[in-house]
Amino acid sequence: MSGQTDMVLVNKKGVRIDGRKTDEHRPVHIEAGVLSNADGSAYLEIGKNKVLAAVYGPRECHPRHLQDPTKAIIQCKYNMQAFSVSDRKRPGPDRRSIEISKIIAEALEKVVLTELYPRASIDVYIEILQANAGTRCAGLTAASVALADAGIPMRDIVPAIAAGKADGHVLLDLNKEEDNYGQADVPLAIVPSTDEIVLLQMDGNMTREEFDKALDMAFGACHDLYEIQKAALKTKYAATKGGEEDE
Ligand code: ADP
């Protein structure tokens, strides 16, 4: 988010470097139940981002001192693989992945009926296989499909997407170049049935009007993603029901 580049990120016709319009998100593909050894899982692509989410639980919480006698805790591990970016990323946790794990767990806590499972832990693993900006939103979107796939009771599933500003334009779903050289990035996650916000961050600067426009775009796109999330779960459920799965 340097805000400085000679690159034209949005041309005079309002077309972005990857051919999208300002209010268009990247193509999204979601598959539920892709891992047979996890309780629930999902694979998600949005543009060049590739993300795998796996869920275990509810199961007894370890270490035991983390147990909550009134509800389950959600433990989330967001991990960016060394090969997910063009310059090899140093493997292992860093401040960024700790922050992202925390905000994703907090967003999921708002929808999972944790009070049904006192002393338990619900473990969510998010692996970023390929990154091109927007991975926290992609990870959260995939994780909520994986939780639903695990049969964990939830109020709703959570879609997430960012909007922001680059080259002076308010843009939906920034790609890597737009994120790197843009002026602002605003990731948003909502509960679609109530439009409650469960994640909202902002990096960079924009005016109040630009912020409102970005938020509007992201809300609309979250509702699009929600339909794709539900379709992925329905496809998995139809396949399981039809006995096409051998697990
Ligand atoms: P998000 O992926 O949620 O947009 P950031 O804004 O922190 O989160 O990162 C934007 C993008 O920058 C990432 O999606 C990834 O493409 C790239 N990136 C982040 N961390 C690293 C890193 N350590 N090495 C190389 N690229 C990175």
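Where is the place of Pro 63? In this predicted model, Pro 63 belongs to the loop between strand 3 and strand 4 (73-80), and a cis peptide bond, with omega about -5 degrees, joins His 62 to this proline. The briefing below turns to the ligand and the pocket that holds it, then to the cavity found in a search of the whole structure, and finally to the backbone.

**The ligand and its shell**

- The shell around the ligand is made up of Met 80, Val 85, Lys 89, Arg 96, Ala 131, Asn 132, Ala 133, Gly 134, Thr 135, Arg 136, Lys 176 and Asp 179, and by class these residues divide into 4 nonpolar, 3 polar and 5 charged.
- Two helices, helix 2 (135-149) and helix 3 (176-181), each contribute at least two residues to this shell.
- Oxygen atoms of the ligand have polar side-chain atoms of the protein beside them: one of Thr 135 at 2.5 Å, one of Arg 96 at 2.7 Å, and one of Arg 136 at 2.8 Å.
- On its own the ligand has 530 Å² of accessible area, of which the protein covers 76%.

**The largest pocket**

- The ligand sits in the largest pocket, which holds about 390 Å³ of space.
- Of the 18 residues lining this pocket, Arg 96, Ala 133, Gly 134, Arg 136 and Asp 179 are the closest to its centre; Arg 96 and Arg 136 are also residues of the ligand shell, each with a polar side-chain atom placed by a ligand oxygen, at 2.7 Å for Arg 96 and at 2.8 Å for Arg 136.
- Helix 1 (95-109), helix 2, helix 3 and strand 8 (184-191) each supply at least two residues of the pocket lining, while helix 2 and helix 3 do so for the ligand shell as well.
- Sorted by class, the pocket lining has 7 nonpolar, 4 polar and 7 charged residues.

**The cavity**

- A search of the whole structure for cavities of 30 Å³ or more finds 1, and the volume of the largest cavity is about 60 Å³.
- Its lining consists of Arg 26, Leu 44, Ile 46, Gly 134, Cys 137, Ala 138, Thr 141, Ala 160, Ile 161, Ala 162, Asp 173 and Leu 225, with two or more residues coming from each of strand 2 (40-46), helix 2 and strand 6 (160-166).
- By class, the cavity lining has 8 nonpolar, 2 polar and 2 charged residues.
- Gly 134 is among the residues that line this cavity, and Gly 134 is also found in the shell around the ligand and among the residues closest to the centre of the largest pocket.

**Backbone features**

- Gly 57 and Pro 58 are joined by a cis peptide bond with omega about 0 degrees, and Pro 58 lies in strand 3 (residues 49-60), whereas Pro 63, which has a cis bond to His 62, is placed in the loop between strand 3 and strand 4.
- Asp 173 has a phi near 55 degrees, a positive value in a residue other than glycine.
- The location of Asp 173 is the loop between strand 7 (169-172) and helix 3, and Asp 173 also takes part in the lining of the largest cavity.

Note on methods. Residues numbered from 1 in each chain as written. Predicted model: local features only at pLDDT ≥ 70, side-chain atom pairs only at ≥ 80, totals over all residues. Heavy atoms only, no water. Near = heavy atom within 4 Å. Polar contact = N/O pair within 3.5 Å; in protein donor to acceptor, adjacent residues only side chain to side chain. Areas by Shrake-Rupley, 256 points an atom, 1.4 Å probe, with all protein chains shown as cover. 1 Å grid on protein atoms, 1.4 Å probe; cavity = no way out; pocket = protein on both sides within 12 Å on 5 of 7 lines; lining within 4 Å. Sits in = over half its atoms within 2 Å of the grid points. Helix = DSSP H or I, 4+ residues; strand = E, 2+ residues; numbered from the N terminus. Nonpolar A, V, L, I, M, F, W, Y, C, P; charged D, E, K, R; others polar. Points joined across faces, edges and corners; volume = space filled by probe spheres on them.
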